[in-house]
2 protein chains.
Amino acid sequence: MPYDPSAYPPFAVTVDLVVLTVRKHALCALAVRRGEPPFQGQWALPGGFVLPDEDLGGAAARELAEETGLQVEEPGGHSAHLEQLATYGDPGRDPRMRVVSVAHLVLAPDLPAPVSGGDAKTARWTPVERLLAPEEDRGEASPGRLAFDHDRILADGVERARSKIEYSSLAAAFCPPEFTVGELRRVYEAVWGVALDPRNFHRKVTGTPGFLVPTGGTTTRQGGRPAQLFRAGGATVLNPPMLRPEV
Amino acid sequence: MPYDPSAYPPFAVTVDLVVLTVRKHALCALAVRRGEPPFQGQWALPGGFVLPDEDLGGAAARELAEETGLQVEEPGGHSAHLEQLATYGDPGRDPRMRVVSVAHLVLAPDLPAPVSGGDAKTARWTPVERLLAPEEDRGEASPGRLAFDHDRILADGVERARSKIEYSSLAAAFCPPEFTVGELRRVYEAVWGVALDPRNFHRKVTGTPGFLVPTGGTTTRQGGRPAQLFRAGGATVLNPPMLRPEV
DNA sequence: CCTGTTTATCGTCAGGAAGACGACTAAGAT
DNA sequence: ATCTTAGTCGTCTTCCTGACGATAAACAGG
């Protein structure tokens, strides 16, 4: 097969974002309401075209900043974890033309302002449990079935997040810079949708070298006895992994 | 940002393949010699354009069949495991134009014929250890530094394979349809580059429900005492995982 | 035929990790 | 003062793993 640059088939390349956070003990994803056809008025994942001189991660970071004001792993301001998720390119996934979308996964701490820094577009955090629910009636004001193949992309992103916190220290990306063991445990509980034993969880995370480093401070923001504050340690892999309880 | 289909930036979309197999106790990857510029005469990963009406996995399967004659998960003929790996789209990764490449990972059993069914292109199995070695002199006849960013793609694919056999039954994709525990163990040893205890390995894989199903037959093709033959069971995840020994 | 070699398979034992759960501590709320 | 809410330290049992001894069943060579 000759490799002829002048005869390549025409494609558009976009990035779509699965932005996850934990709010009120629930795993939530960011959805935006589409202003133009197709799927006008329906909810979708944030995203947009990759610019000619931009790499894929850069395009994702730019879209993230435009939609949420979140910075990717930057000091000052809020920071978030970003990684490539997967690429979706079925013919017909966009009715207008052939579009290949490189989906990215973003894990962010809960934001004080619901969605700040964005333009005028309507954006909203929605519990993934509701977004991924089968075919319920969910009212049109809150996101139901997402546009394009975004339901599948969201499901893949959620599954990636659920499995990745098992064997990495990524759960800390859902927490503020300093956090307690209990706050970290509530992240696991929200992402996995299970209850974990506080004592065994405490033993596990404090007993894994390099996972948590104490900052010396304490807080009572959760009520109850004051808890030690920690920062995420240098360890990025968790071995042995945190075990997700059976159903 | 208006979403204007008539003004999208021009991209070409390709698939590249990291095809891995185990031969002679070594993890090997498929490399092809390039016939045209750029990088003419240099070795690269097999790949090619995605056709206008083809999905990404279909393009990867087609390229695989063209290069190796391997069928993806098909009865009759050899079968192989195929999954999407990651997408590489840095500006400038191809000097001619903006090319976004969706890399796929293929795990295949060792082939009787080195590379069969392909066209006239030169293709060759090479131990990944040599392909990923730092900057050795490796002679020009055997693949050294790969073209484009294919060294990085290959490294990502190898790392994916190494980590994925820990917690899935994917190692069986490197084996013929019926195989012995010892053959499966040698796959793990080749992919990880370590020696495993035969007794503990046997206990682990035969003790995991659904991982292996005995076919009733035995074989002595490895020499020594006859070994039971197994097929891969339905279990796709391995919990608890097979532990990769520390270095 | 006997013996050494190779590979497969079963068993034993000690150490570590995880689940279940009791007990105590230290703050705010009533 | 007491209750409630979290956090933190221990204990005990069970399961899994790593290390390794021992036996079984084929083949090669004398």
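**Entry 1: two helices of chain B**

I looked up helix α4 (residues 181-192) of chain B and α5(B), whose axes come within 10 Å and cross at roughly 105°. Axes here are lines fitted to C-alpha atoms, for helices over the stretch in contact, with angles from 0 to 180 degrees between N-to-C directions. The crossing therefore makes α4(B) roughly perpendicular to α5(B), a label for angles of 65 to 115 degrees. On the α4(B) side I noted V181(B), L184(B), R185(B) and Y188(B) in the contact, and on the α5(B) side P198(B), F201(B), H202(B), V205(B) and T206(B); contact means heavy atoms within 4.5 Å. I recorded six nonpolar, two polar and one charged residue there. In this scheme Ala, Val, Leu, Ile, Met, Phe, Trp, Tyr, Cys and Pro are nonpolar, Asp, Glu, Lys and Arg are charged, and the others, Gly among them, are polar.

**Entry 2: basis of the values**

I note that the model is predicted, that local features need pLDDT of at least 70 and side-chain atom pairs pLDDT 80 or more, and that totals for chains, interfaces and linings use all residues. Residues are numbered from 1 along each chain as its sequence is written, chains are lettered from A and ligands numbered from 1 in the order in which they are written, and side-chain values use heavy atoms, without hydrogens and water.

**Entry 3: DNA strand D**

I found 25 residues around DNA strand D, with R199(A), R225(A), R199(B), R203(B) and K204(B) coming nearest; a residue counts as near if one of its heavy atoms lies within 4 Å. For polar contacts, pairs of N or O atoms within 3.5 Å, I looked at the bases. A polar side-chain atom of R225(A) lies 2.6 Å from a base nitrogen of strand D, and one of R203(A) lies 3.5 Å from a base oxygen. α5(B) gives the most to this surface, with four residues. Helices are DSSP runs (H or I) of at least four residues and strands (E) of at least two, numbered from the N terminus.

**Entry 4: DNA strand C**

I then turned to DNA strand C, which 24 residues surround. α5(A) gives the most to the surface near strand C, with four residues. A polar side-chain atom of N200(A) lies 3.0 Å from a base nitrogen of strand C, while one of H202(B) lies 3.2 Å from a phosphate oxygen.

**Entry 5: chain A**

I counted five helices and 10 strands in chain A. Of its 247 residues, 48% are buried, that is, under 20% relative accessible area (1.4 Å probe, protein chains only).

How values were computed: A polar contact is a pair of N or O atoms within 3.5 Å; within protein, one must be able to donate a hydrogen and the other to accept it, and residues adjacent in sequence count only if both atoms are side-chain atoms. Angles under 35 degrees count as roughly parallel, over 145 as roughly antiparallel, 65 to 115 as roughly perpendicular and the rest as oblique. Buried means under 20% relative accessible area, exposed over 50%, partly exposed in between (1.4 Å probe, protein chains only).
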